[in-house]
Amino acid sequence: MNQHCFNRYIGIDYSGAETPVSSLKGLRVYMAVHGRPPAEVFPSVSPRRYWTRRGIAEWLVERLSEQCRTVVGIDHGFSFPLPYFEKYQLPHDWPAFLDDFQRHWPTDHDHTYVDFVRDSVCGNGAARCGNTRWRRTTEQRAGAKSVFHFDVPGSVAKSTHAGLPWLRYIRLHAPNVHFWPFDGWEIPSGRSVVVEIYPSLWSRAFAREDRNPDQHDAFSVAAWMRRSDLDGTLAEFFAPSLSPVDRLTAETEGWILGIK
């Protein structure tokens, strides 16, 4: 990728609370372009003040279908550790993983809480559960918690289990989007990309001003991606220095943009 890879930068602070059609204060979206720093985006077609997970997914499909090369950073896990694939004898194939996960954890259904699947009210989460000791290589590098570590401060387990079916939705409805690194480490010219991010890497680098923590996380992601693109360093983060084994692992487990 050449300098100035993108024209638009979207940072999303995610939430796995309630249902996909619940208006959630913890769901925040910030968007920046080359000439302007990030500004918060609110749901324009809804009378609700805050986003829903379904609303964000549908809005992203619209943005990613436009002729404006965009990078979207979302702060939940995009895949699971290799021991999960081994336990359930799943192929190391990300689209197949998303399909299998959504069949067992249908958390994109309108009235479904993540906890409904955890408690066997719906879905079949018991047939696809993980272990809190399992961590992806990128989580180990980042110092992040396991995607299976529920009910603790700083956990991304609930948002991951809520968000994965919506990644599948975006993939199905915006087929030209590149999901990094699953679709390849190199992003084809002209393509928009969706990446996993970890706001804690960047949030202290930007003044908090009057933003709450959720707003600031989304702002920081968009601001960091924009700044890094404009100074020519963003491309380096799409080519992290990994051993052949770690690189192959990350093609199944995923990788957090910004972890070298």
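These legends describe close-up views of a predicted model.

**View 1. The sheet and its strand order.**
Six strands make up an open sheet. Their order is β3-β2-β1-β4-β6-β5, with mixed pairing. At the edges are β3 (36-41) and β5 (178-179), each paired on one side only. Strand β2 (residues 28-33) runs antiparallel to β3, and four bridges join the two. Within this part of the sheet, Val 33 stands opposite Arg 36 of β3.

**View 2. Helix α7 on the sheet.**
Helix α7 (residues 213-230) packs on the sheet. The helix touches four strands: β1 (8-13), β2, β3 and β4 (70-74). The direction of α7 makes about 155° with that of β1.

**View 3. The largest nonpolar core.**
The largest nonpolar core holds 44 residues. Which of them touch the most other members? They are Ile 12, Leu 60, Ile 74, Phe 80, Tyr 84 and Phe 97. Strands β1 and β4 each supply at least two residues of this core. So does each of the helices α1 (53-64), α2 (82-87), α3 (94-104), α4 (114-118) and α6 (157-173). In soluble globular proteins, nonpolar side chains tend to be buried together.

**View 4. Surroundings of Ile 74, and another core.**
Neighbours within four places in sequence are left aside here. Ile 74 is in contact with Ile 12, Tyr 14, Leu 60 and Leu 167. Val 194, Val 195, Glu 196 and Ile 197 are also contacts of Ile 74. Apart from the largest core lies another, of 32 residues. Its members include Tyr 9, Trp 224, Ala 250 and Trp 255.

**View 5. A salt bridge between distant parts of the chain.**
The structure holds 18 salt bridges. In one of them, Asp 110 pairs with Arg 54, and the closest N and O atoms are 3.0 Å apart. Asp 110 sits in the loop between α3 and α4, whereas Arg 54 belongs to helix α1. The partners are 56 residues apart. Asp 110 is partly exposed, at 32% relative accessibility. Arg 54 is partly exposed too, at 25%.

**View 6. A salt bridge within helix α4.**
Asp 115 forms a salt bridge with Arg 118, with 3.1 Å between the closest N and O atoms. The two are three residues apart in α4, so about one helical turn separates them. Asp 115 has a relative accessible area of 25% and counts as partly exposed. Arg 118, at 31%, is also partly exposed.

**View 7. An exposed and a buried partner, and a network.**
Glu 209 and Arg 211 form a salt bridge whose closest N and O atoms are 3.1 Å apart. Is each partner buried or exposed? Glu 209 is exposed, at 63% relative accessibility. Arg 211 is buried, with a relative accessible area of 8%. Elsewhere, salt bridges with shared partners join Arg 8, Glu 62, Arg 63 and Glu 66 into one network.

**View 8. The two faces of helix α9.**
Helix α9 (residues 244-253) has as its buried residues Thr 249, Ala 250, Thr 252 and Glu 253. Seen down the helix axis, these residues fall within an arc of 160°, so they line one face of α9. They pack against α2, α3 and α5 (137-142). The face turned away from the buried side carries Pro 244 and Leu 248, which are exposed. Gly 254 follows α9 and has a positive phi, near 90°.

How values were computed
Residues numbered from 1 in each chain as written. Predicted model: local features only at pLDDT ≥ 70, side-chain atom pairs only at ≥ 80, totals over all residues. Heavy atoms only, no water. Pairing = 2+ DSSP bridges. Contact = heavy atoms within 4.5 Å. Axes fitted to C-alpha atoms, helices over the stretch in contact; angles between N-to-C directions. Core = buried A, V, L, I, M, F, W, Y, C linked by side-chain atoms within 4.5 Å. Buried < 20%, exposed > 50% of the residue type's maximum accessible area, 1.4 Å probe, protein only. Salt bridge = Lys/Arg side-chain N within 4 Å of Asp/Glu carboxyl O. Arc of directions from axis to C-beta.
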